[in-house]
Amino acid sequence: MTTRISLGKVNGLYDAIDPYKNLKDAAEGKVILVTGAGRGIGQATAKAFAEASASRLILCALEDAELKETELLISSIRQDIKIFSRALDVSNESAVRAFVEDSSTWAGGHIDVLCCIAGVSPPQQPVVESDPLRWWKGLEVNVNGVYLFARYVLPIMQARKQGHVIFASSAIILGKHQDASSYSVGKIAVAHLAELIHEEMHGEGIRVFAMHPGGVLTRLLTDMEDNEKAEWAVKASKVIRTMLTDDITLPGNSCVFLSTGRLDFMSGRYVDFTIGVDQLLQNQEAIEQRNLFKINVGANWDSEGGVRPFY
């Protein structure tokens with residue numbers, strides 16, 4: 001069984017993920033929690049779920065002013081939507097625990113979809129030149145922040161035997177990108193975390209995905225350009241900017257599609273949104289039979305099956 005799945009097939013809004021066409025009312029009646037919702041991809045994800053008729057949005061971000069901007073944006077789309085928001089640090093365990101407890105109570109004791117979008121981009125430097133504190137801060141936010149929300153939201157989903165969980169990973173995990181060790185390690189960690197949670201929770205009706213949102217220009221890059229003047233930042237900007245050619249409508253609306261259940265066979269797998277949902281659906285049998293889109297070690301090879309992992 002041969003597959004010809006291609007990256008970069010889509011780079012913005014298309015019919016399958018259009019909230020006013022194929023995804024019209026796709027989130028109706030659902031409670032959605034989005035981290036990093038104050039700007040960029042997190043804000044776009046909150047907007048996409050609002051357009052798809054979510055009943056309640058639970059939003060957090062580091063800065064309260066940014067959350068207020070998102071609330072105004074959402075209200076301009078749907079005045080009747082209910083919003084619970086709070087500024088917090090996603091790597092602060094007590095803050096996350098209290099936020100999930102308070103917001104789930106406000107939402108009637110359930111959360112249907114968790115989208116962990118919050119993240120930081122640590123300095124793009126070789127390991128031998130890196131600042132240990134800033135290197136580790138990347139993992140505190142990009143890994144521990146994801147883990148903490150999963151830790152406290154999953155029991156709520158488990159009680160209702162249903163839920164969709166989406167972690168922001170990155171295509172950076174597929175290559176050997178020099179000078180980006182903190183970011184790469186963090187993103188491959190959450191991809192594997194999605195696999196592990198799938199193994200633990202799929203029997204409970206919970207589906208979990210690690211997604212590459214596409215290459216989208218956000219403040220992760222522009223803030224670096226504005227605030228970092230070292231040589232590494234100038235170099236990184238020139239490289240990264242050429243990769244950011246996708247529209248911000250792609251990741252948010254693709255998250256809505258993941259929450260519909262139509263791609264539940266991709267639970268526990270890495271989903272690159274630039275592939276497009278149609279290609280994934282067309283190749284479902286091969287993806288499941290050949291265990292594609294998972295992290296593993298290529299340990300053996302044969303002429304019939306190609307690279308074979310240990311497991």
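This is a short talk on the salt bridges of one predicted model, and on one buried arginine that has none.

Let me start with the count. Searching the whole structure turns up 18 salt bridges. I will go through a few of them.

Take Arg 78 and Asp 80. Their side chains form a salt bridge, with 3.2 Å from N to O. Are the two partners buried or exposed? Arg 78 has a relative accessibility of 17%, so it counts as buried. Asp 80 has 54%, so it counts as exposed. One salt bridge, then, has a buried end at Arg 78 and an exposed end at Asp 80.

Next, Asp 112 and Arg 160. Here the N to O distance is 3.3 Å, again a salt bridge between side chains. Where do these residues lie? Asp 112 is in the loop between helix 3 (93-106) and strand 4 (113-116), while Arg 160 belongs to helix 4, residues 132-160. The pair therefore ties together parts that are 48 residues apart in sequence. Asp 112 is buried, at 11% relative accessibility, and Arg 160 is partly exposed, at 36%.

My third pair is Glu 199 and Lys 294, whose side chains meet at 3.9 Å, N to O. A salt bridge needs the two atoms within 4 Å, so this pair counts. Glu 199 sits in helix 5 (residues 181-201), and Lys 294 sits in the loop between helix 10 (284-289) and strand 8 (298-302). This salt bridge therefore links parts 95 residues apart in sequence. Lys 294 is partly exposed, with a relative accessible area of 28%.

Salt bridges can also share partners. In this model, Arg 39, Glu 66, Arg 219 and Asp 223 are joined that way into one network.

Now for the arginine without a salt bridge. Arg 269 is in the loop between helix 8 (249-259) and strand 7 (270-272). Which side chain of opposite charge is nearest to Arg 269? That is Glu 288, and the distance is 5.5 Å. The cut-off is 4 Å, so Arg 269 and Glu 288 do not form a salt bridge. Arg 269 is buried all the same.

What does the side chain of Arg 269 have instead? There is a polar contact of 3.5 Å with the side chain of Asn 291. Setting aside neighbours within four places in sequence, Arg 269 also touches several other residues, among them Val 208, Phe 209, Ala 210, Ile 287 and Leu 292. Lys 294, the partner of Glu 199, is in contact with Arg 269 as well.

Terms used:
Residues numbered from 1 in each chain as written. Predicted model: local features only at pLDDT ≥ 70, side-chain atom pairs only at ≥ 80, totals over all residues. Heavy atoms only, no water. Buried < 20%, exposed > 50% of the residue type's maximum accessible area, 1.4 Å probe, protein only. Helix = DSSP H or I, 4+ residues; strand = E, 2+ residues; numbered from the N terminus. Lys, Arg positive; Asp, Glu negative; His and termini not counted. Polar contact = N/O pair within 3.5 Å; in protein donor to acceptor, adjacent residues only side chain to side chain. Contact = heavy atoms within 4.5 Å.
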